[in-house]
Amino acid sequence: MTTTTATRAALLVLADGRFPAGGHAHSGGAEAAIAAGRVSDPASLEAFCRGRLGTAGLVAAALAAAAAAGANPLLLDEAADARTPSPALRMTARKLGRQMMRAARACWPSPALDALAAARPRGAHQPVVLGLAAAAAGLGPLDAAHAAAYEAVSGPATAAVRLLSLDPFDATAVLARLAPELDRVAELAVAAAESALDDLDALPAASAPLLEIAAEAHAAWPVRLFAS
Amino acid sequence: MHLDHPETYPQRYAAAPSRQRRAPTPSSAPTTRPDGTRRALRIGLGGPVGSGKTATVAAICRQLREELSIAVVTNDIYTREDAEFLLRNAVLPAERISAVETGACPHTAIRDDISANLEAVEDLEESVGPLDLVLVESGGDNLTATFSKGLVDAQIFVIDVAGGDKIPRKGGPGVSTADLLVVNKTDLAPLVGADLEVMARDARAQRGELPVTFTALTEPDGIAPVVAWVRERLACWTAAA
């Protein structure tokens with residue numbers, strides 16, 4: 001068997017919260033939202049995750065799907081920059097992209113990953129790297145979209161458990177309830193990625209202004225538990 | 001019934017009884033820089049909160065900074081306090097100190113997902129290198145926190161007598177497997193009723209042949225035994241080039 005054979009289990013490896021690509025140190029905006037009182041219990045966590053899924057999550061999923069489908073990763077990287085107004089979030093995305101690159105190259109060595117690592121030594125946007133990693137693992141655009149979309153909500157849910165001492169069963173139940181919406185976002189992302197192969201402007205540009213603004217404020221906090 | 005494999009697990013094995021413990025295994029991280037030259041020796045410092053990790057790092061830097069090119073990576077739990085302590089005390093120029101954020105889980109960043117720390121080390125090599133020695137300081141953590149072999153070449157575990165003289169007996173991966181166990185604040189032993197003899201005996205039982213050193217960093221040259229150990233490691237590292 002070669003790594004180009006599609007294998008469902010590879011998706012489990014890639015999407016595992018323990019995949020060593022730096023995600024554990026990031027809250028996906030949850031820390032700022034919790035401090036502001038916008039997230040305080042399972043219901044508000046669910047609302048936060050739903051909002052993030054439909055905005056930043058959809059964009060990330062489409063970028064990942066397009067990268068997995070073979071779109072030019074350097075152009076996708078620029079498209080990601082254009083869709084991320086907050087400089088702090090752009091930096092976070094590149095940092096996480098660099099960490100994802102390290103883990104992905106160790107797990108699924110591929111010329112496409114090597115080429116992007118050489119072109120963006122300080123890191124490309126994480127969803128773009130994630131998409132190439134998925135392809136290197138023998139996965140398809142829909143798998144890449146699922147992984148990116150899941151990450152958009154699993155990060156905040158894990159962070160909320162640590163920050164609010166939330167019951168971990170409640171937090172995981174939030175993720176379970178969001179599963180059908182995750183599937184739908186992944187499908188939307190793949191459809192957009194297919195159109196984007198002809199015209200990158202077809203990529204979604206959904207944005208959550210509060211996430212962007214709060215990320216800028218959070219980056220300046222002197223004391224915080226999470227890097228973003 | 002499950003039977004263990006007859007051979008000893010080749011890597012550091014935290015749960016092994018001390019008689020099975022061996023000399024430190026080499027790090028799994030590549031030992032050269034991208035340009036092919038031998039990279040800096042990386043030493044990790046872990047241990048409970050307040051045991052004196054940052055003070056140990058500062059003292060090592062003060063002793064060795066004239067003769068070696070040194071950089072430090074700190075892993076604070078939720079602040080930049082350790083990095084700022086080192087900066088305030090000017091033990092190294094600011095560009096030689098880098099802080100990694102750990103998302104409420106300092107042990108994850110030094111053991112389970114070392115990517116951010118590896119990048120910090122590589123960035124320091126790139127910006128102020130070539131370096132001879134990189135000290136990676138963990139955020140204060142529990143007795144099970146150890147560094148990944150993919151991140152450091154050797155690790156020091158720092159405990160202190162005021163934390164209770166039972167700590168060596170309790171063992172755990174930090175106490176029993178670190179390449180050097182430092183028992184700090186011996187000057188406080190009479191004040192807190194800690195028995196150094198008991199600590200030494202328990203540490204020996206946990207660690208077998210692995211070295212233990214007692215320090216009082218408040219005393220002049222209190223860091224000397226740790227610096228001597230670091231020099232030894234550096235000599236081995238250079239000799240293996």
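How much area does chain A expose, and what share of it do carbon and sulfur atoms supply? Chain A exposes about 9,900 Å², and carbon and sulfur atoms supply 61% of that area. The model is predicted.

**Chain A as a whole**

Chain A holds 10 helices and 0 strands. Read from the N terminus, its elements run α-α-α-α-α-α-α-α-α-α. The radius of gyration of chain A is 16 Å, close to the 17 Å that the globule rule gives for 228 residues, so chain A is as compact as a globular protein of that length. The C-alpha trace spans about 45 × 30 × 30 Å along its principal axes. Of the 228 residues in chain A, 51% are buried. Among contacts in chain A with a separation of 6 or more, 81% are between residues 24 or more positions apart.

**Helix 9 and Arg224 of chain A**

Helix 9 of chain A covers residues 168-196. At its N-terminal end Asp167(A) acts as a cap, with a side-chain oxygen 2.8 Å from the backbone nitrogen of Phe169(A). Further along, helix 9 bends by about 50° at Ala179(A), and a proline, Pro180(A), follows within four residues.

Arg224(A) is placed in the segment after helix 10 (209-219) of chain A. Its relative accessible area is 15%, which is under 20%, so Arg224(A) counts as buried. A polar atom of the Arg224(A) side chain lies 3.5 Å from the backbone oxygen of Trp221(A). The side chain of Arg224(A) is also joined to the side chain of Glu101(B) by a polar contact of 2.5 Å.

**Backbone geometry in chain B**

Most residues other than glycine have a negative phi, and most peptide bonds are trans. Chain B has a cis peptide bond between Gly129(B) and Pro130(B), with omega of about 5°. Pro130(B) is placed in the loop between helix 4 (115-128) and strand 4 (133-137) of chain B.

Two residues of chain B with a positive phi, neither of them a glycine, are listed below.

| Residue | Phi | Loop in chain B | Relative accessible area |
|---|---|---|---|
| Lys185(B) | about 65° | between strand 6 (180-184) and helix 7 (189-192) | 23%, partly exposed |
| Asp221(B) | about 60° | between strand 7 (212-214) and helix 9 (224-239) | 47%, partly exposed |

**The annotated binding site in chain B**

An unreviewed UniProt entry lists Gly47(B), Pro48(B), Val49(B), Gly50(B), Ser51(B), Gly52(B), Lys53(B) and Thr54(B) under "binding site". Where does Gly47(B) lie? Gly47(B) is in the loop between strand 1 (41-46) and helix 1 (53-64) of chain B. Pro48(B) is placed in the loop between strand 1 and helix 1 of chain B.

Is Gly47(B) buried or exposed? Gly47(B) counts as buried, at 2% relative accessibility. Pro48(B) counts as buried at 18%.

Leaving out residues up to four places away in sequence, Gly47(B) touches Lys53(B), Gly139(B), Gly140(B), Asp141(B), Phe157(B) and Val158(B). With that exclusion of residues up to four places away, the contacts of Pro48(B) are Lys53(B), Gly140(B), Asp141(B), Leu143(B), Phe157(B), Val158(B) and Ile159(B). Lys53(B), which Gly47(B) touches and Pro48(B) touches, is itself one of the residues that the UniProt entry lists for the binding site.

Notes: Residues numbered from 1 in each chain as written. Chains lettered and ligands numbered in written order. Predicted model: local features only at pLDDT ≥ 70, side-chain atom pairs only at ≥ 80, totals over all residues. Heavy atoms only, no water. Helix = DSSP H or I, 4+ residues; strand = E, 2+ residues; numbered from the N terminus. Buried < 20%, exposed > 50% of the residue type's maximum accessible area, 1.4 Å probe, protein only. Polar contact = N/O pair within 3.5 Å; in protein donor to acceptor, adjacent residues only side chain to side chain. Bend = angle between axes of the 7 residues up to and from the residue. UniProt positions renumbered as here; feature names shortened; annotations may be inferred. Contact = heavy atoms within 4.5 Å. Rg over C-alpha atoms; globule rule 2.2 N^0.38 Å. Areas by Shrake-Rupley, 256 points an atom, 1.4 Å probe, with all protein chains shown as cover.
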